[in-house]
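This report describes selected features of the structure shown below, taking its residues, sheets and helices in turn.

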Amino acid sequence: MQATEAIIRDVVQEVLAQMRGPSTPMRQGASSPVSPARGYRGRFGIFTCVDEAVAAATEAFEQLSERPIADRKRAIDHIRRISIENCVELGTMEMEETKIGRLVHKIEKLKTLGERTPGVEFLRSEVFSGDHGLAVIEHAPFGVIGCITPVTHSLPTITGNAVSMIAGGNTLVVNPHPSGKRVAVEGVRRFNEAIHRDLGIDNLICLIAEPTLESAGAIFGHRGVKLICVTGGPAVARAAMHSGKRAVVAGPGNPPVVVDETADLDRAARSIIQGGAYDNNLLCIAEKEVFVVGKVFDAMLTAMDRAGAARLNAREVDALTRVAITKVGEGDHKHDAPAKEYLGQDAAVLARGIGKQVPREVELLFGETDESNPFVPVEQMMPFVPFVRCRDVDDAIAKAKHYEHGFRHTSIIHSTNVRNMTKMGRAMDTTLFVKNGPCMAALGLGGEGYLSFSIATPTGEGVTTPLTFTRERRCSMIDELRILGKA
Ligand code: NAD
């Protein structure tokens with residue numbers, strides 16, 4: 001970590017020296033985003049100025065555009081290798097810096113993203129062949145993509161975005177969350193160094209080392225940035241959609257779970273613990289509140305006990321609500337939110353906060369609440385999950401829909417009744433809909449499909465892939481090159 005701070009210090013010194021000295025590279029104003037000078041080699045992606053970062057990423061884009069797809073794969077292979085080989089060191093750094101989540105999952109997330117993020121193999125072309133010749137549709141890069149990343153997965157989101165975006169032929173300028181900036185600097189520097197050493201291209205991933213809301217705004221407004229991809233909560237999702245640029249928005253969620261009377265309750269309990277406790281409930285797809293039909297409500301709570309979660313009684317739930325949920329905002333915008341001291345903390349820490357001891361191995365707390373408890377509507381991002389007793393499956397689905405807030409992000413059902421599954425799937429209209437598994441099964445981790453940590457919800461691209469970050473281009477040959485039929 002000290003090494004990372006030293007790098008930031010060196011970069012800041014270097015930039016200040018350049019600004020003072022006669023050899024200052026031409027500062028790129030918003031109206032001239034393309035650098036005339038190849039002056040950014042050796043920066044390994046670390047910048048304090050948005051204009052310079054965009055100029056360097058533009059230069060890198062021009063160089064990448066001259067290379068074959070095989071070179072994109074080589075660049076990505078370095079990102080994958082570093083994410084996998086350095087997962088313990090970088091995961092530990094992320095944990096120490098952000099102080100939220102669980103170390104084992106910080107490490108696992110980097111390894112998994114390195115191994116499984118879709119790369120160039122996801123690129124494809126489409127062909128229309130007919131009496132009038134051929135039309136080929138190819139998927140071209142946008143250019144420089146401006147990325148905003150969350151504190152919940154700082155380097156993992158950058159890793160996944162970088163693999164997908166470079167596979168599509170793009171380069172990146174990233175504004176990380178300020179509370180995850182040091183690990184972001186360290187990871188990005190390592191990625192760029194390795195790519196530069198092998199391919200001679202630097203700055204495929206540029207990072208603002210001292211990110212602020214102003215630097216995010218400068219990225220949104222920069223003419224050299226051709227597309228925005230934000231991963232975060234409601235404020236940044238809104239800001240991106242009002243930026244005037246095309247935006248891929250991976251917004252917030254509050255995933256509800258429905259359990260009906262036909263469910264395998266032990267399987268449901270194991271799944272809720274696996275998904276809801278992962279990284280202390282920081283995943284945007286994680287189980288956040290559970291609606292159980294009255295007929296099996298008590299049996300479901302007993303199944304949670306059996307699976308190893310720790311039950312809070314009504315008094316304990318009230319006490320936890322008082323300490324772990326707080327009011328933020330002013331006037332009309334005042335609302336409940338998770339308290340910083342508890343966000344992403346271990347179940348044992350939450351329990352200690354209300355004077356309760358739970359064994360170290362307990363991953364998740366749970367308890368009965370009614371729907372007026374703030375843990376139901378709030379995206380709590382901490383390992384306590386409220387269970388709400390419902391009249392029947394229709395009541396449970398209606399409540400699930402209400403408390404998902406129309407984010408259309410993720411919802412989950414445990415049931416063996418296909419009608420109930422269908423009914424809920426139709427009603428929720430969420431990007432991810434999981435049946436009989438933990439949330440991460442929807443990302444190919446225990447289920448089918450593929451992985452991304454940027455799941456575009458309000459803008460509709462879904463689980464992002466390299467193709468998300470490409471533009472369609474059509475090339476038409478009139479009356480020739482179709483080899484079927486008579487000459
Ligand atoms: P956050 O919204 O506080 O911050 C996310 C990023 O946006 C940070 O880099 C932050 O500095 C920036 N930001 C915040 N307000 C901004 C504004 N007005 N203008 C420009 N930038 C702004 O979120 P967080 O706590 O870092 O992450 C958790 C949130 O992200 C949760 O709501 C979670 O559901 C969501 N998330 C969604 C996905 C997805 O794929 N859909 C993935 C991960 C996290």
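## Accessibility and two positive phi angles

A residue counts as buried when its relative accessible area is under 20%, as exposed when that value is over 50%, and as partly exposed in between. The model to which these terms are applied here is a predicted one.

Asp 429 has a relative accessible area of 40% and is therefore partly exposed. The residue belongs to the loop that links helix 15 (418–428) to strand 17 (432–435). Its phi is near 60 degrees, which is a positive value in a residue other than glycine. Leu 481 likewise is not a glycine and has a positive phi, of about 75 degrees. Leu 481 lies in the segment that follows strand 20 (470–478). With a relative accessible area of 56%, Leu 481 is exposed.

## The six-strand sheet

Six strands make up an open sheet with parallel pairing, in the order 1-6-5-4-7-8. Strand 1 (46–47) and strand 8 (247–250) are the edge strands; each has a single partner strand, so one side of each lacks a neighbour in the sheet. Within the sheet, five bridges join strand 4 (residues 144–148) to strand 7 (residues 225–231) in the parallel sense. Ile 148 has Val 230 of strand 7 as its bridge partner.

Helix 2 (residues 50–65) packs on this sheet and touches strand 1, strand 4, strand 5 (171–175), strand 6 (205–208) and strand 7. The direction of helix 2 makes about 160 degrees with that of strand 5. Helix 7 also packs on the sheet, where it touches strand 1 and strand 6. The angle between the directions of helix 7 and strand 6 is about 155 degrees.

## The seven-strand sheet

A further open sheet has seven strands in the order 11-14-15-10-9-16-17, again with parallel pairing. Its edges are strand 11 (310–311) and strand 17; each has a single partner strand, so one side of each is without a neighbour in the sheet.

Strand 9 (residues 256–259) has both faces covered. Pro 256 and Val 258 are buried on one side, and Val 257 and Val 259 are buried on the other. Strand 9 pairs in the parallel sense with strand 10 (residues 289–293) over four bridges, and Val 258 stands opposite Phe 291 of strand 10. Strand 9 also pairs in the parallel sense with strand 16 (residues 410–414), over three bridges. There, Val 259 is opposite His 414 of strand 16.

Helix 10 lies across strand 9, strand 10, strand 15 (384–390) and strand 16, and runs at about 155 degrees to strand 16. Helix 12 (residues 314–324) packs on the sheet as well, touching strand 11, strand 14 (365–369) and strand 15. The direction of helix 12 makes about 105 degrees with that of strand 14.

## Helix 5 and its neighbours

Helix 5 (residues 103–116) has 14 residues, which at 1.5 Å a residue should span 20 Å; the C-alpha atoms at its ends are 20 Å apart, in agreement with that value. Its buried residues are His 105, Lys 106, Ile 107, Lys 109, Leu 110, Thr 112, Leu 113 and Gly 114. These buried residues pack against helix 3 (69–85), helix 4 (87–98), helix 6 (154–167) and helix 10 (265–277).

## The contact of helix 4 with helix 7

The axes of helix 4 and helix 7 (residues 181–199) come within 8 Å and cross at roughly 160 degrees. Helix 4 is therefore roughly antiparallel to helix 7, since angles over 145 degrees are classed in this way. Helix 4 contributes Glu 89, Leu 90, Met 93, Glu 94 and Glu 97 to the contact, while helix 7 contributes Lys 181, Arg 182, Val 183, Glu 186, Gly 187 and Arg 190. By class, the contact residues comprise three nonpolar, one polar and seven charged.

## Val 328

Val 328 is located in strand 12 (residues 325–328). Its relative accessibility is 32%, so Val 328 counts as partly exposed. When residues up to four places away in sequence are not counted, Val 328 touches His 333, Lys 334, His 335 and Ala 337. Val 328 and Thr 149 are separated by 179 residues in sequence and by 22 Å in space, C-alpha to C-alpha.

Terms used
Residues numbered from 1 in each chain as written. Predicted model: local features only at pLDDT ≥ 70, side-chain atom pairs only at ≥ 80, totals over all residues. Heavy atoms only, no water. Helix = DSSP H or I, 4+ residues; strand = E, 2+ residues; numbered from the N terminus. Expected span 1.5 Å × (residues − 1). Buried < 20%, exposed > 50% of the residue type's maximum accessible area, 1.4 Å probe, protein only. Contact = heavy atoms within 4.5 Å. Axes fitted to C-alpha atoms, helices over the stretch in contact; angles between N-to-C directions. Parallel < 35°, antiparallel > 145°, perpendicular 65-115°, else oblique. Nonpolar A, V, L, I, M, F, W, Y, C, P; charged D, E, K, R; others polar. Pairing = 2+ DSSP bridges.
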